[in-house]
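Trainee: Could we go through this structure by question and answer?

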Amino acid sequence: MGWVVLLLVPVCSALGAVLAVWLLHRRGDRRIAAYQNKLLARQIAEVENLYLTMRGWRHDYHNHLQTLKARLDMGQSEGAREYLDRLEKDLDGIHALAETGNVSVDAILNAKLSLVLKQGIDLNFRAVAPKSLTVSDIDLCVILGNLIDNAMESCEKVEEGQRFLRLYIGVLRQQLYVSISNATAETVRKIDTAYISSKRGNHGHGLKRIDRVVEKYGGYVNRQNEPGVFATEILLPL
């Protein structure tokens, strides 16, 4: 009987190890699924925000046409021309949030920064980018998208009135330079791999994805965390 017990012990240990690995995979799958769901919810919010903006433009356009038709029906051609002149002047003052010189950067920033403003976060940014970049559109979206998403996530934990986001994009020493700082309720003296691994949810996954993309292009990333401020600097070769 004793030899049977001796044989069962390693078998049970092996089964326990397999079960432990399976449980870890299941937990990992749940974390990935939760992360993907959060990204999807964020993307839906961005699409809804753009839809509401477009619907507003359509509503205004319809009203302008009705006004012009009414003036023309009453024979007020001069009044219609004056109205068109005023409308043209107003349209000249309407512009996108970001006009960096790079279509891809503009698309990402306009979608993300409109959400920043919608959340009542004090926004200050300046962005200029070359027309063509070495970084692919997808990787650029990963970097800028995660940087801004993480900044908004941090601001959510800060009292209203103290939330801010500062963004700068430009060319420094023949490299694309990205600097972003935001309000945070967390203070960490040293930011390293252990810090990134300890983060949970979108923030942790976002930091890792940024690092992988930067490493892919042989770039540089630096993070600093001072009381009330979290800052990230990234350099990418042009």
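The questions below deal with the core, the strands and the salt bridges.

Mentor: This is a predicted model, where local features need pLDDT of at least 70, side-chain atom pairs count only at pLDDT 80 or more, and totals for chains, interfaces and linings use all residues. Residues are numbered from 1 along each chain as its sequence is written, and side-chain values use heavy atoms, with hydrogens and water left out.

Trainee: Which element gives the most residues to the largest nonpolar core?

Mentor: A nonpolar core is a set of buried Ala, Val, Leu, Ile, Met, Phe, Trp, Tyr and Cys residues joined through side-chain atoms within 4.5 Å. Buried means under 20% relative accessible area, exposed over 50%, and partly exposed in between, with a 1.4 Å probe and protein chains only. The largest such core has 37 residues. Helices (H or I, at least four residues) and strands (E, at least two) are DSSP runs numbered from the N terminus, and the element that gives the most, with nine residues, is H4.

Trainee: In E5, what is the bridge partner of Leu176?

Mentor: Two strands pair if DSSP finds at least two bridges between them. E3 and E5 pair in the antiparallel sense over nine bridges. In E5, the residue that partners Leu176 is Leu236.

Trainee: Is Asn146 buried or exposed?

Mentor: Asn146 is part of helix H4. Its side chain reaches the backbone oxygen of Val142 at 2.7 Å. The relative accessibility of Asn146 is 5%, so the residue counts as buried.

Trainee: Which helices hold Lys112 and Asp149?

Mentor: A salt bridge is a side-chain nitrogen of Lys or Arg within 4 Å of a carboxyl oxygen of Asp or Glu. The structure holds four, and one of them joins the side chains of Lys112 and Asp149 at 3.0 Å, N to O. The two residues are 37 apart in the chain, with Lys112 in helix H3 and Asp149 in helix H4.

Trainee: Asp139 and Lys216 also meet in a salt bridge. Is Lys216 buried or exposed?

Mentor: The N to O distance in this pair is 2.8 Å. Asp139 has 9% relative accessibility and therefore counts as buried. Lys216 has a relative accessible area of 56%, so Lys216 is exposed.

Trainee: Where does Arg223 lie?

Mentor: The side chains of Asp211 and Arg223 meet in a salt bridge of 2.8 Å, N to O. The pair ties together parts that are twelve residues apart in sequence, because Asp211 lies in helix H6 and Arg223 in strand E4.

Key:
A polar contact is a pair of N or O atoms within 3.5 Å; within protein, one must be able to donate a hydrogen and the other to accept it, and residues adjacent in sequence count only if both atoms are side-chain atoms.
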